[in-house]
Amino acid sequence: MYLAYQIRFEFHLPEEPINWQERMWETMQWVLPFEYILFYSLGLFRPLVARFRWRDFLRVVMALGLVTGFLLYLWFIFAGEKTAPRSVILINSLLLLVFLCFIGALSSHLRMILTGNLTELPVRASRVVAVGTGFLTYQLIDQTRRRTGLGMRVVGMAVTNGSKREGEHWQGVPVGGPASQIEQICHRFDPDRIIITDPELSDKEIRSLLWKCRELHVPVYIVPTAQEMFYGVLRMETIRPVGLDDVLGRNTLEINLPRIHQLLVGKRVLVTGAGGSIGSELCRQIQVMNPEKLLLLDSSEVALFQIEQELRSRPLGERVHALLVNVRDRASMVSVFEREKPDIIFHSAALKHVPMVESFPGEGLMTNTLATNQIAELAADYGVERMVFISTDKAINPSSVMGASKRLAELLLQSRPRGNGITSFVAVRFGNVIASSGSVVPIFEKQIAAGGPVTVTHPDVTRYFMSIPEAVGLVLQSATQGSGGEVFMLDMGEPLKVLEVARLMIQMRGLEPDKDIEIKIIGLRPGEKLFEELRYDAEIHGTTSHPRVYRLTAPALSPSEASALLARVKEVALLTDPDVIRAAVKELLPEFIGDEATMDVDSDVPAKA
């Protein structure tokens, strides 16, 4: 204001006929408090932001517009008496605009210098706020500082455990406050992305953070789980956007790594179905356990090539060997066992798309039942230490041929001699794995990307869900348990309604269910159940050394019963009529309920009738 008066009167304020020197001081006594209150209410005196942005400029312009408008209004009211001249008012506003913008731009650089974040000066670096203050946060800060080519710098932190307070610094990075105040933290640091580095953060907290940041138009990323990291080392390439498994329930999984390492270190490990979603993750987690040789076996050339290339680019990649073999081909499998002599087998190869196996039930029996039994025979013949069979919750009172074929495989495995000191046969049973082949999640993702509709078979259908790394970690833990003949059940948490999962996936895309994307109820498909189970009532439920792995035992078939069952399955698998095969499976497996499960929950009439 002083400078505006000086410029208006060319640095010589006249005293006649008006004493402008006196008028200037009188005007400033009420103009300056008014400007201070207005600027404070509009947030211009908040803690200096990380950098001066376009919206900060607009806020300054709005404040000056109000000041200028009010002063001009007073000028008209008092006809120029007791107020500053119009020209002084306009000059004052222009000077304030220049000074405030200059101070805002300068303060952002001074803040970086004073806090020690000199590397933040380049504007092109992607600005990151880390949510967490643990070891993973330290790794994130360290790597972004050392690897300048990443184009990222951690400019602030949001704490999740109360260990740090706002205003403190950790590893040279300022703490903005608790994660619950992410809006204020984003205003202060102006991040280009948020990276969650706290593995203990609950699904509810992640979901809340995601919704808040979406309103701020800041993308949210997350570090991988412990099962996805090599030796606990964070690789920047594995940081990914928050996914469905994170907001559905990212449970911290405590795995007895020394025990798994003891089982696999120095062993020749064979993984069938290595190109699949479960098989490929098994290979990733097994590789870090330092096996002598990791054998990837699959009949899909593309899938096998992809996982082989991925694992060969990692540490111990020279120990990875790909085998393009169909598990149903006995001669080829005999050759594999003769040549490679595996010590441990993880059998995940299977046909698991329920509707597809319903259409081709013979194929399901040959792959899921007969091939599994064939591998078990070879494992026993060649002295394999342990065979782990990946089963499914659909094997309980199966309503589909896919579930029935898995149940038959379980029965044949359990009938094998136990405690002979040579080969232990165990099965691991769990439900839906998010993003795995055969899961509903990839189907929903494609439907949402196509603009809908998202098809749900029934509003009351519920399923158990867990992430692929979590499921595989528990499979490896199960492999260290028991002496053979057991079925291990994984703790899947609480079942979720598939309809609610569909709604959540639509919301994660920033869309509204039934508004932007239609959800369509299409009715239960053949072989589909409303509710999945994880064990039979006759199975004895026991605990293991891991709180989330349970042991299930039941009377096994006698050798003669198993031999008769196997012979009959071989006959049925060669039949061509799907209805005849399903009827035959019903005879083999009395608990197979076929299409009876596709009943409406509010009616005694089958849904397909």
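**Exercise 1.** In what order do the 7 strands of the open sheet lie, and what is the sense of their pairing?

Solution. The model is a predicted one. Step 1: reading across the sheet gives β3-β4-β2-β1-β5-β6-β7. Step 2: the pairing along this open sheet is mixed. Step 3: β3 (169-170) and β7 (240-241) are the edge strands, each pairing on one side only.

**Exercise 2.** Describe how β6 and β7 pair, and find the partner of Ile222.

Solution. Step 1: β6 covers residues 220-222 and runs antiparallel to β7. Step 2: 2 bridges join β6 and β7. Step 3: Ile222 has Arg240, in β7, as its bridge partner.

**Exercise 3.** Which strands do helices α5 and α6 touch, and at what angles do the helices lie?

Solution. Step 1: α5 (residues 135-146) packs on the sheet and touches β1 (126-131), β2 (152-159), β3, β4 (173-178) and β5 (193-196). Step 2: the direction of α5 makes about 160° with that of β2. Step 3: α6 (residues 182-189) also packs on the sheet, in contact with β1, β2, β4 and β5. Step 4: between the directions of α6 and β4 the angle is about 150°.

**Exercise 4.** Characterise the whole chain by its secondary structure, burial, contacts and surface.

Solution. Step 1: the chain holds 20 helices and 22 strands. Step 2: of its 609 residues, 52% are buried, where buried means under 20% relative accessible area. Step 3: take the contacts between residues at least 6 apart in sequence; 75% of these join residues at least 24 apart. Step 4: the exposed area is about 28,000 Å², with 57% of it supplied by carbon and sulfur atoms.

Key: Residues are numbered from 1 along each chain as its sequence is written. This is a predicted model: local features need pLDDT of at least 70, side-chain atom pairs count only at pLDDT 80 or more; totals for chains, interfaces and linings use all residues. Side-chain values use heavy atoms; hydrogens and water are left out. Two strands pair if DSSP finds at least two bridges between them. Helices (H or I, at least four residues) and strands (E, at least two) are DSSP runs, numbered from the N terminus. Contact means heavy atoms within 4.5 Å. Axes are lines fitted to C-alpha atoms, for helices over the stretch in contact, and angles run from 0 to 180 degrees between N-to-C directions. Buried means under 20% relative accessible area, exposed over 50%, partly exposed in between (1.4 Å probe, protein chains only). Accessible areas come from the Shrake-Rupley method with a 1.4 Å probe; for residues, only the protein chains shown count as cover.
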